Each structure stands twice: as structure tokens, then as C-alpha cells.
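Student: I should like to work through this model with you, one question at a time. Please give the reasoning before each result.

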Amino acid sequence: MMKNNMNFINEYIEDVKRTIPKDLTKNELITCICLGLGGEAGEILDYLKKTVYHKHQFNENELKEEIGDLCWYLFALITSYDFDLLDILNKNVEKRLKRKQRSFARMKKGSKNREKIKLEIARLYERITNKK
């Protein structure tokens, strides 16, 4: 049974740490991980190409397995640099907030999209500042 919380993510990160190759230099490890990321992303793209253009049967579990492999490499990269996952996610939310704010500034007043983006900006801002 899969746990659905931050404890599971922390356990996953610990498992990734245990399974990262220990016999490589830092540069070799980062290169290996990045090549693995590219390879797994390629496998996902190839799988989706086959389902769309070659009319192969879509198998949700097969796609999830490939995404899981990609996640291992992504977490390995995060771990190799000793980055904090929540910090990365927060920085991404902040980046998207800035992007939305730029889009908002370019839109005409009274536009339906402008109001929609205004609400999205407020939600993102609340999330990163923990204001409710």
C-alpha cells in the first residue's frame, strides 16, 4: 500500500541515496544522472509516440513505470547536490508567479483572462507566503 504523504517522499529520497552509485567522482555521478534523465525522458517520449502515431495500446501502468524511472534520476540529482525538495518546489512556484504577473501586466483591463490570472496570482501568492 502506497503512503500518500511527505514521509513517503522522505523515505523515497533515502532509498535513492542508498542506491546512487558510490564509486563515481562527483562529476561522473552528475554526468551519469543527467544522461539517465535524458534517457528516461526519451523513453517516455518514445512510449507516447508509439501510442499516438503507431496506435499502440495505451497502458497507464507502463507510462507510470517510465515516469517513476525519471523520478529516480531527478531525485538522484537533487540528492547529489544536497538540495531541499521543498525549496526547489517553492522556487518554481515563485517563478511561475512572476511569469503570471508579467502576463497579467500585458493584458487589457476588463479581459476575462486578466481576471482569471489575477485570481491565480492571488492563490500562488497565498501558497508561497502561507497566508490564507
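Student: What percentage of the residues of the protein chain count as buried?

Tutor: The model is a predicted one. A residue counts as buried when its relative accessible area is under 20%. Of the 132 residues of the protein chain, the share that meets this condition is 22%.

Student: Which secondary structure elements does the protein chain contain, and in what order do they run?

Tutor: The chain has zero strands and five helices. Read from the N terminus on, the order is therefore α-α-α-α-α.

Student: How many aromatic pairs are found in the whole structure, and what kind of pair do Y12 and F75 form?

Tutor: The search finds four aromatic pairs. For Y12 and F75, the ring centres are 5.3 Å apart and the planes stand at 75°. An angle over 60 degrees is the criterion here, so the pair of Y12 and F75 is edge-to-face.

Student: Which helices does the pair of Y12 and F75 link, and how many residues apart are the two?

Tutor: Y12 belongs to helix α1 (residues 6–19), and F75 belongs to helix α3 (residues 60–80). The pair thus links distant parts of the chain, with a separation of 63 residues.

Student: Is F75 buried or exposed?

Tutor: Its partner Y12 has 23% relative accessibility and counts as partly exposed. F75 has a relative accessible area of 13%. Because that value is under 20%, F75 is buried.

Student: What kind of pair do Y81 and F83 form?

Tutor: The ring centres of Y81 and F83 are 5.3 Å apart, and their planes are at 15°. Planes under 30 degrees apart meet the cut-off, so this pair is stacked.

Student: Which residue has its charged end over the ring of Y81?

Tutor: Y81 is partly exposed, with a relative accessible area of 40%. A charged side-chain end sits over its ring, 5.0 Å from the ring centre. The residue that supplies this charged end is K26.

Student: Why does the span of α3 agree with expectation?

Tutor: Helix α3 has 21 residues, and at 1.5 Å a residue these should span 30 Å. The expected span uses one less than the number of residues. The C-alpha atoms at the two ends of α3 agree with this, because they are 30 Å apart.

Student: Which residue has a side-chain oxygen that reaches the backbone nitrogen of N61 at the start of α3?

Tutor: The oxygen comes to within 2.9 Å of that nitrogen. At the other end, α3 is followed by D82, whose phi is positive, near 55°. The residue that reaches N61 is N59.

Student: Which residue caps the N-terminal end of α1?

Tutor: Helix α1 has 14 residues and reaches 20 Å from its first C-alpha to its last, close to the 20 Å expected. At its N-terminal end, a side-chain oxygen lies 3.0 Å from the backbone nitrogen of N7. That oxygen belongs to N5.

Student: How far apart in space are L48 and L63, C-alpha to C-alpha?

Tutor: L48 is in helix α2 (residues 26–53) and, at 32% relative accessibility, counts as partly exposed. L63 is among the buried residues of α3. The two are 15 residues apart in sequence, and in space their distance is 8.2 Å.

Student: Which backbone oxygen does the side chain of T51 reach?

Tutor: T51 is in helix α2 and counts as buried at 15% relative accessibility. Leaving aside neighbours within four places in sequence, T51 is in contact with H56, Q57 and F58. Its side chain reaches a backbone oxygen at 2.8 Å, that of L48.

Conventions:
Residues numbered from 1 in each chain as written. Predicted model: local features only at pLDDT ≥ 70, side-chain atom pairs only at ≥ 80, totals over all residues. Heavy atoms only, no water. Phe/Tyr/Trp six-rings, centres within 6.5 Å; stacked < 30°, edge-to-face > 60°. Helix = DSSP H or I, 4+ residues; strand = E, 2+ residues; numbered from the N terminus. Buried < 20%, exposed > 50% of the residue type's maximum accessible area, 1.4 Å probe, protein only. Lys NZ or Arg CZ within 6 Å of the ring centre and 35° of its normal. Polar contact = N/O pair within 3.5 Å; in protein donor to acceptor, adjacent residues only side chain to side chain. Contact = heavy atoms within 4.5 Å.
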